[in-house]
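Here are my notes on the model you asked me to look over. Keep the structure open while you read, and follow along point by point.

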Amino acid sequence: MNKSINTFFALTMLILLSACSSLQVTEESVSNQAVAGVSISQKSTATQAVLANAVVYFEYDQYTLTSKSIQALKGVVGLMKRNPKIILSLEGHADERGTREYNLALGQRRAESVANYLIANGIKRNQLVSKSYGEERPLSLGSNDSAWSKNRRVEIK
Amino acid sequence: MKKNILLSLLFLPLACFGELFLEITKGSDDPFKVAIIPFAGSEKISKPLNEVIRNDLNRTGEFSLLGTKLLLPLIIEDGDINYQDWSLLGMDYLVAGSILQGQSSVDVNYDIYDIQKRKKIRSSKVFGLPSQIRQLAHYTSDGIYESIAGIKGIASTRLLYVNEIKSKKFNSNYRLMLADSDGANEKTLLSSSEPIISPAWSPDGQKVAYVSFETGLAKVYIQDIATGKRESVLSKDTQISSPAWSPDGKYLSLTLYQDGNAEIYILRLRDKTLTRMTNQFAIDTESSWSPKGNKILFTSGRSGSPQIYELNLRRLNSKAKRISFEGTYNAKAAYLPNEEGIIFVHRSRDGLFHIAMKYKKENFIRILTEAKMDESPSVAPNGNMVIYGITEGDQSMLAGFSLSGASFKLPAAQGEVREPAWSNFLR
C-alpha cells in the first residue's frame, strides 16, 4: 500500500490476547490525512453564434420523438440544409426523477434520437455533436409535472 | 446481530458541528446499555472528546448510554469495579478512560468492563496530536463499538458528497466535499461552476474518482486527496461517467458513450487498457464491484425499463443475469460488504423512489426508506449503516440508517447536499 506522505504518525496497531482469556489490549496512533482542494474557474466553452435554437420535449422515461417534436425538427432540417457548414450541438436532459447516471444516459439517448432523425433527413453526422447533462441542468425548478415536462428535453443550439 | 427493523421513536437532537448537522431521529429498540464515565483531563480536551464519543455511539442507534448526571456518585477507585451496583443500574457494559496530555501529544486510555461476566474485556490506548481530538474520539468510540457490538465501528471513516449552492440565473457553484462520518471537519476537494456527479472512493481512501462537466462534456477524473493532483482518466473525445473502483484498486469500471449509447467498460489503470463489458442497444450504466472483485452489478434498460443485472467477470463470455424483478425501476445497485445481498434505488407503484435491499436468500425486496425521492445509497464498510440522499421540501440533504433500525439526518447549512459515498475503513 502506498503510504501517504501526510501520515503524521505511522499507524501502529497491536492486538494482544492476554493469557487470562479474551482481554483485548490495543495501542494505536491516530492518522492525519492532508487535503488539498482544487478550484476550477473555467466555464465550458461557448459554442458558435446561435443559428438554430430549438427545443424538443419527451415523455417520462422515454426517448422516442413525439409528433410535436418532429414538427420542430423539420425547421432545423431546413436551416441546416441552407447552412451546410454549421455544427449543431444536441444537448439532452432528463427530469429529476430516477438516478443521476441513468438520467445522464437517458439524456444522451434523447440527443441521439434527435441526431438520428436529422441524419435520416439528410444531415451529415459530422454536423452534429450530441451530449447529455442528465438531470443536472433543469430548465424549470420545482418538483411537479409542469416543471418535469419542461426539463425532459433536447436543446438544439 | 440483526435486530428488529421497526423501532420506538426517540428524538435526540444533538450538537451541531461543521457544515452538516447531525440529527438522530430514531434509536434501536433493543440497545446495549452502557455507562461511560467521562474521561478526565483538561476541560479543553475532555469536553469535546467525551461529547464526540457519546455522539458517535448514539448515532449507531445500538447503544443506550447512561446519562452523565447519574454517573457522578459512582467513581471507580483503584480500578475496583462494583459490578453489583452497575448491574442494579441495568448496565451491560462500563467504559472508563483517562486523557494524558503531553507537550505535543494526547494519549487516551480506556478500559471496557463486561458487567454480567464481571471482567475487563478491553484495555486500549490511542494517541495523536492535540489538534486531533475528534479523531482520537472516533478511534476510541470505534474501539468501544467493536468490543461491545462485535463488528468494527465506522466513526473514523469518511464521506464524500456533492454540494450545490444555487444562486440566481443558474450560476450554481458545485463542490465535491470530504468530511468525517459525522459531517464534521468538512473540506472542499473540488469547486466548479459546472456540475459534479458520481463521487467514488479508491479502496485505500487516498484518491477519489468523479464525473465533472467542466469541459462541457461529462468526463471522469481521478484526484489525489492529499496533493490535489488530478487527471482525466482517458483522453478520448467522448462522454465518460459512472466510475467505480475495483476492490484491489487496479481497475476502474466506467460508462463510455463512444457509440452514442451508454456501455460499460473496465479500465486497467496501470496501462489504460479498456475492456468492453456490455454490448447492447439499450442503456447500460452504474456499474459497481462485488467485494471480492469477481462480479459487477449494473443498471440496464434492455428489458424496457431500468433493472439490475449481474455479470461474472471470471467466466469468459458470461452473460449478464437480471437480478431485479419487482417494479419498473430498479437502479444504482451495490453489494453489501459481506455479499449477503444488494442495496439499490427502487421506484414503487406510487411513483416514489426509495432505497431497497434484497437479501440473496430471500425472494422479496425490503423497502427501507419512506421519503419521496430517495437516492444514491452508500453502505458503510461494516455493512451496518447506509447513507443516502433525500429531498425535504425543495431541499436535498443526506440521511442514514442502521440495519438495527436507527436513523439519522445530516442537513447542510448551505445549499443542496447529495450523492454520499462512504469510504472504506481508513485505519
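How much area do chain A and chain B bury between them?

1. Let's start with that one. Chain A and chain B bury about 5800 Å² between them, and carbon and sulfur atoms account for 53% of that area. Bear in mind as you go that this is a predicted model. If you wonder about the choice of quantity, the size of an interface is often given as the accessible area lost when the parts come together.

2. Now look at who takes part. On the chain A side, Val30(A), Glu101(A) and Tyr102(A) lose the most area to chain B. Together these three make up 13% of what that side buries. Counting contacts, 58 residues of chain A meet 77 residues of chain B.

3. Next, chain A by itself. Its secondary structure comes to three helices and seven strands. Walking from the N terminus, you pass β-β-β-β-α-β-α-β-α-β. Chain A has 157 residues, and 46% of them count as buried. Its exposed area is about 8000 Å², with 56% supplied by carbon and sulfur atoms.

4. Here's something to try on chain A: take the contacts between residues at least 6 apart in sequence. Of these, 68% join residues at least 24 apart. For chain B, the figure worked out in the same way is 43%.

5. Chain B has four helices and 31 strands. Its radius of gyration is 23 Å, close to the 22 Å that the globule rule gives for 427 residues, so chain B is as compact as a globular protein of that length. Along its principal axes, the C-alpha trace spans about 75 × 50 × 45 Å.

6. What about the inside and outside of chain B? Buried residues make up 60% of its 427 residues. Chain B exposes about 17500 Å², and carbon and sulfur atoms supply 50% of that. As for charge, chain B carries 52 positive and 47 negative charges, and the mean positions of the two sets are 5 Å apart.

7. Find Glu112(A) in helix α2 of chain A, which covers residues 100–120. Is Glu112(A) buried or exposed? With a relative accessible area of 10%, Glu112(A) falls under the 20% cut-off, so it counts as buried. Leaving out residues up to four places away in sequence, Glu112(A) touches Arg125(A), Ser130(A) and, over in the other chain, Gly260(B).

8. Phe127(B) is in strand β7 of chain B, residues 119–128. Its relative accessible area is 17%, so Phe127(B) is buried too. Try clicking on Gln101(B) as well: Phe127(B) and Gln101(B) are 26 residues apart in sequence, and their C-alpha atoms are 9.7 Å apart in space.

9. Two residues of chain B deserve a look at their backbone angles. Asn185(B) has a positive phi of about 60 degrees although it is not a glycine. You'll find Asn185(B) in the loop between β9 (173–180) and β10 (187–192), where it is partly exposed at 36% relative accessible area.

10. The other one is Glu419(B), with phi near 50 degrees, again a positive value in a residue other than glycine. Glu419(B) lies in strand β31, residues 416–422. Its relative accessibility is 3%, so Glu419(B) counts as buried, whereas Asn185(B) is partly exposed.

Technical notes
Residues are numbered from 1 along each chain as its sequence is written. Chains are lettered from A and ligands numbered from 1 in the order in which they are written. This is a predicted model: local features need pLDDT of at least 70, side-chain atom pairs count only at pLDDT 80 or more; totals for chains, interfaces and linings use all residues. Side-chain values use heavy atoms; hydrogens and water are left out. Helices (H or I, at least four residues) and strands (E, at least two) are DSSP runs, numbered from the N terminus. The radius of gyration is taken over C-alpha atoms; the globule rule is 2.2 Å times the number of residues to the power 0.38. Buried means under 20% relative accessible area, exposed over 50%, partly exposed in between (1.4 Å probe, protein chains only). Contact means heavy atoms within 4.5 Å. Accessible areas come from the Shrake-Rupley method with a 1.4 Å probe; for residues, only the protein chains shown count as cover. Lys and Arg count as positive and Asp and Glu as negative; His and the chain ends are not counted. The place of a charge is taken as NZ of Lys, CZ of Arg, CG of Asp or CD of Glu. Buried area is the accessible area (1.4 Å probe) that two parts lose on being put together, summed over both.
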